[in-house]
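Trainee: I would like a close look at one part of this model. Please place it in the whole chain before you go into detail.

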Amino acid sequence: MTTASSADWWARAACSGKDSNRWFAMGTPSPTVLDTCRGCPVRAECLHDSLTNETPNGIWGGLTPMQRRQIPALPRLPRAEAIGLLRTLLTRLDTELAERTSPMAQPVPTTPDDAPLKAVPTPAPVVLPVDKLLDWGDSHVDPDVQAQAARARAALTGLRNRYASDLELNQITDEEEKLAARLTELRTRKAELLPAKAKTKSKRTPSDYPAAEVRAWAKTNGHEVSPTGRVPKAVVDAWRSATGQTGAGDS
Ligand code: SF4
């Protein structure tokens, strides 16, 4: 049951030194074989190498060929990480099988090949940091994956640039609003400190009569008027009566 890649873990295999024919027997696997695998310290390594080598026959990692085919394809990972994933999967699988075979559970077929795993646990998704994922894509042998990585890298660069621009714009807007508020405060305070402006003199309303003409008429007609200033209203009225002139306020 060894392969070139299994040399490092084979020495610790629980089946080492046992009759390997029992692991490759046709039909129902022996419960002893399955128990041996479940207690094997290198079960995940054994399963990993059988999946990697696509070993078609025999019990590997305590799983039959049919059960192994139900395991989703492993993501491209370093060997140690892939084995870790499989170890998690096997633990969950054991738990599920224990629940199915407990007295409280429904009877299950006793032949593993006849008892397909109803729900083989999917390995926990591997979330790589973006940079690592891009590096992985860059170095992939598949040109399509390389191209995907290049597109993703360009899109990320665009996003990062846009993020930086938006951030700076927001900072500028905040600064503008603060400066505008401060300017308003300063102008208000400046207005408070400036001396009050002199009241604007009220505009003199222009006379609605020809003063020089009225004075000349008054002098001729025995009215006394000052040579400067406003002509008394009575004199103006008399002038209007005598000359037939009308003022701005007359209708
Ligand atoms: S998991 Fe089973 S087949 Fe694999 S090395 Fe251990 S005992 Fe052997």
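Which pattern does the chain follow when read along the sequence? And what can you tell me about helix α3 (43-52) and the loop between α3 and α4?

Mentor: Start with the source: this is a predicted model. Read along the sequence, the chain runs α-α-α-α-α-α-α-α-α. That is nine helices and zero strands.

Now the chain as a whole. It has 251 residues, and 26% of them count as buried. Its accessible surface comes to about 17700 Å². Carbon and sulfur atoms account for 56% of that surface. Take the contacts with a separation of 6 or more: 50% of them join residues 24 or more positions apart.

Next, helix α3. Arg 43 is placed in this helix. Is Arg 43 buried or exposed? Its relative accessibility is 7%, so Arg 43 counts as buried; the cut-off for buried is under 20%. Set aside residues up to four places away in sequence, and Arg 43 touches Cys 37, Arg 38, Gly 61, Gly 62, Leu 90 and Asp 94. Cys 37 also appears in the ligand shell, among the closest residues.

Ala 44 is in helix α3 as well. With 3% relative accessibility, Ala 44 counts as buried. What does Ala 44 touch, residues up to four places away in sequence not counted? The list is Ile 83, Leu 86, Arg 87 and Leu 90. Leu 90 is thus a contact of Ala 44 and of Arg 43. Ile 83 lies 39 residues from Ala 44 along the chain, yet their C-alpha atoms are separated by 5.7 Å. Helix α5 spans 79-100, the stretch to inspect for these contacts.

Follow the chain out of α3 and you enter the loop that leads to α4 (65-69). Glu 54 has its place there. Its phi is near 50°, a positive value in a residue other than glycine. Most residues other than glycine have a negative phi. Why does Glu 54 count as exposed? Its relative accessibility is 67%, and the cut-off for exposed is over 50%.

The ligand comes next. How many residues surround it? There are 12, and the closest are Ala 13, Cys 15, Cys 37, Cys 40 and Cys 46. The shell divides into 10 nonpolar residues, one polar and one charged. The space that the ligand takes is the largest cavity.

One last stop, for contrast with the α3 residues. Arg 76 sits in the loop between α4 and α5. With a relative accessible area of 53%, Arg 76 is exposed, whereas Arg 43 is buried. Leave aside neighbours within four places in sequence, and Arg 76 is in contact with Trp 136 and His 140. His 140 is 64 residues away along the chain, with 9.9 Å between its C-alpha atom and that of Arg 76.

Terms used:
Residues numbered from 1 in each chain as written. Predicted model: local features only at pLDDT ≥ 70, side-chain atom pairs only at ≥ 80, totals over all residues. Heavy atoms only, no water. Near = heavy atom within 4 Å. 1 Å grid on protein atoms, 1.4 Å probe; cavity = no way out; pocket = protein on both sides within 12 Å on 5 of 7 lines; lining within 4 Å. Sits in = over half its atoms within 2 Å of the grid points. Nonpolar A, V, L, I, M, F, W, Y, C, P; charged D, E, K, R; others polar. Helix = DSSP H or I, 4+ residues; strand = E, 2+ residues; numbered from the N terminus. Buried < 20%, exposed > 50% of the residue type's maximum accessible area, 1.4 Å probe, protein only. Contact = heavy atoms within 4.5 Å. Areas by Shrake-Rupley, 256 points an atom, 1.4 Å probe, with all protein chains shown as cover.
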